[in-house]
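This report looks at selected local features of one protein chain, going from single residues to helices. Please read it with the sequence and the coordinates at hand.

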Amino acid sequence: MAQLWGGRFTKETDQLVYNFNASITFDQKFYKEDIEGSMAHVKMLAATGVLTEAERDEILSGLTGILKDVESGKLEITSEYEDIHSFVEANLIDRIGDAGKKLHTGRSRNDQVALDMRLYTRKEIENLKELVKDLMVVLHGLMKEHLDTFMPGFTHLQKAQPITLAHHFGAYMEMFKRDYGRLCDIHERMNYCPLGAGALAGTTYPLDREMTAELLGFKGATLNSMDSVSDRDYVIELLSAMSTIMVHLSRFSEEIIIWNSNEYGFVELDDAYSTGSSIMPQKKNPDIAELVRGKAGRVYGALMQMLTTMKGIPLAYNKDMQEDKEFTFDAIDTVKGCLALFTGMIKTMSVNKATMEESAKKGFTNATDAADYLVGKGVPFRDAHGIVGQLVLYCIDKNISLDDMSLEEYKKISPVFEDDIYEAISLKTCVEKRETIGAPSRTSMEKVIAINEEYLKGI
C-alpha cells in the first residue's frame, strides 16, 4: 500500500478499509493535472526560497519523466497506490531520491485535489463549449437552408400555426446559445487557484499563491483557505448546466423520433445514425436519438448525487467529497458523446419538405389567419372565430383542407369570403405576415440569422 501518511499509525489499515478509502481507480484521470499542478508548485517554492534551484530542476525533470512514461504506456498507474497524488510522489522519490520528498512542502492533499478537480473541470468546460459550438454551427447552416421549408408548429403536440423549419431549428439555437453562455459563466467563476490553502488553514511557508495561480492560467488565488478546499460549487454548476444541455438534446431527440416515424415522415435519418431490427426487416430505428433521450436521466442522477453529497458537509474538507469525481467524470463523458453524435445525426438527416408542407395544410394551421381575414373584413373576432370553427368542421367531414374548399363552399358559411381568401390563408402568406423579431417570416429570420452569424464569429 503506497500512501502519503502512516507515521501516526501503529498497524496497517485493513485491506477492505484501504480499498474503500482509495480513489486511484478513478482519480488516475487526473495524472496530467496532478503533475502540472506539482510543477507549478515546485517552481513557486524555488522562487520563494523554500527549495533550491537545483532541487527544483531535479524535481521538474523527474515529473516530466513520469508524465512522459505514463502517456507512452511505459509506466502504469496501478491500485497499489492509494490515489494519484501518492502515485506521482512515490514514483518521483523512486527516481530522484530525497529531493522528491520535498515536493509536498507547503501543501496538503486537500488543496492538491481541489486544484486537480478545478484544472480537469476547466479543461472539460472548454471541450464542452467546443462541442456546443459545433452543434450551433450545424443548426445555423440548417436554418439558412430551410427558410422556405413550411411546416406545422405545435402546441400540446397538436398542429397550431404554420412556421418554417428554420424557425423551429432557431428555437433550439437559442437554447444552445444559453447553454454555451452558462458554460462560460461557470468557467469565469471557478477560475481561481486553491493551491496553497493547505489542509484548511494555509501554511507557515512563504508561498506566493498569485505566482502559482498565474503559472496555471488562473485569474488569481482563492481568498479563503477553508472554502478553497471544500468548495465544489463549480462541479454542481457544471452538472446543472450539463443537465440543462441534456434537457434540450432530449427534447430535440423526441421531436426527431416523432418526425422520423412513418406517421409523420418529416425527416429520414442517415443509415449511419440508425439501426435495424433483429426480427423485422423493414425497421429503421432512431436509436441514437433514443439513447440521447435516455441518457439525460444519467446526467440528472449525477447532479442529484452531487447535491446530496454536499448538502450536509461541515467545513472544511471531508472524505465524502471524494464522491465528486466518478459521477462527474461519467456525466461529462456522457454529455460530450451525446453532443457529438446528435450533431452528426441532424447534419446528415434528410428533410421531406413536401410532406412537412402538406402536413401544415391538412392540420388547419392557417385557421387563425382565416379568422384574421374575416376580422379585416369587419367581422368581430369572436364571430370570426366561430365561423372558422364551422369551416374546420366542414373540412373534417369532407376530409379536405381549407385550401381545398371552393369559394361557393366558403360563402355558404359566410358571405364575407371573397377570392382573396386563398391568398390570405396560403402558408407563405401566413408565415410572411409575421414580421416581428423572433417570428417565422423570412424577413425576421434573416435578421436573426445575421445576429447568429456575428455571435458564432465571436465565440
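## Lys 29 and its surroundings

When neighbours within four places in sequence are left aside, Lys 29 is in contact with Tyr 120, Phe 329 and Asp 333, where contact means heavy atoms within 4.5 Å. The model is predicted, so local features need pLDDT of at least 70 and side-chain atom pairs count only at pLDDT 80 or more, while totals for chains, interfaces and linings use all residues. Residues are numbered from 1 along each chain as its sequence is written, and side-chain values use heavy atoms, with hydrogens and water left out.

Lys 29 is found in the loop between α2 (24-27) and α3 (31-47); helices (H or I, at least four residues) and strands (E, at least two) are DSSP runs, numbered from the N terminus. With a relative accessible area of 33%, Lys 29 is partly exposed, a class that lies between buried (under 20% relative accessible area) and exposed (over 50%), with a 1.4 Å probe and protein chains only. Lys 29 and Asp 116 are 87 residues apart in sequence, and their C-alpha atoms are 9.7 Å apart in space.

## Backbone features in loops

Two residues other than glycine have a positive phi, and the table sets them side by side.

| Residue | Phi | Loop | Relative accessible area |
|---|---|---|---|
| Leu 157 | near 60° | between β1 (150-155) and β2 (158-164) | 57%, exposed |
| Phe 364 | about 60° | between α13 (353-362) and α14 (367-376) | 14%, buried |

The peptide bond from Leu 315 to Ala 316 is cis, with omega near 5°, and Ala 316 is found in the loop between α11 (287-310) and α12 (326-348). Leu 315 also makes, together with Leu 200 and Met 226, a nonpolar surface patch of about 270 Å². Of these, Leu 200 is found in the loop between β3 (192-193) and α8 (209-215) and is partly exposed, with a relative accessible area of 37%.

## Helices α4 and α5

Helix α4 (residues 53-72) has 20 residues that should span 28 Å at 1.5 Å a residue, and its end C-alpha atoms are 28 Å apart, which agrees; the expected span is 1.5 Å times one less than the number of residues. Its buried residues include Glu 55, Ile 59, Leu 63, Ile 66 and Val 70. In general, an α-helix has 3.6 residues a turn, so residues three or four places apart point the same way. What covers the buried residues of α4 includes α3 and α5 (84-96), and just after α4, Gly 73 takes a positive phi of about 90°.

Helix α5 has 13 residues and reaches 18 Å from its first C-alpha to its last, close to the 18 Å expected. At its start, a side-chain oxygen of Asp 83 reaches to within 3.2 Å of the backbone nitrogen of His 85. Among the buried residues of α5 are Ile 84, His 85, Phe 87, Glu 89 and Leu 92, and their cover includes α2, α3, α4 and α6 (109-145). Gly 97, which follows α5, has a positive phi near 80°.

## Thr 343 in α12

Which backbone oxygen does the side chain of Thr 343 reach? The side chain reaches that of Leu 339, at 2.7 Å. Thr 343 lies in helix α12 and is buried, with a relative accessible area of 9%. Beyond its neighbours within four places in sequence, Thr 343 is in contact with Asp 134, Leu 135 and Val 138.

Note on methods:
Patch = residues over 30% accessible without salt bridge, like charges linked within 9 Å, V, L, I, M, F, W, Y side chains within 5 Å. Areas by Shrake-Rupley, 256 points an atom, 1.4 Å probe, with all protein chains shown as cover. Salt bridge = Lys/Arg side-chain N within 4 Å of Asp/Glu carboxyl O. Polar contact = N/O pair within 3.5 Å; in protein donor to acceptor, adjacent residues only side chain to side chain.
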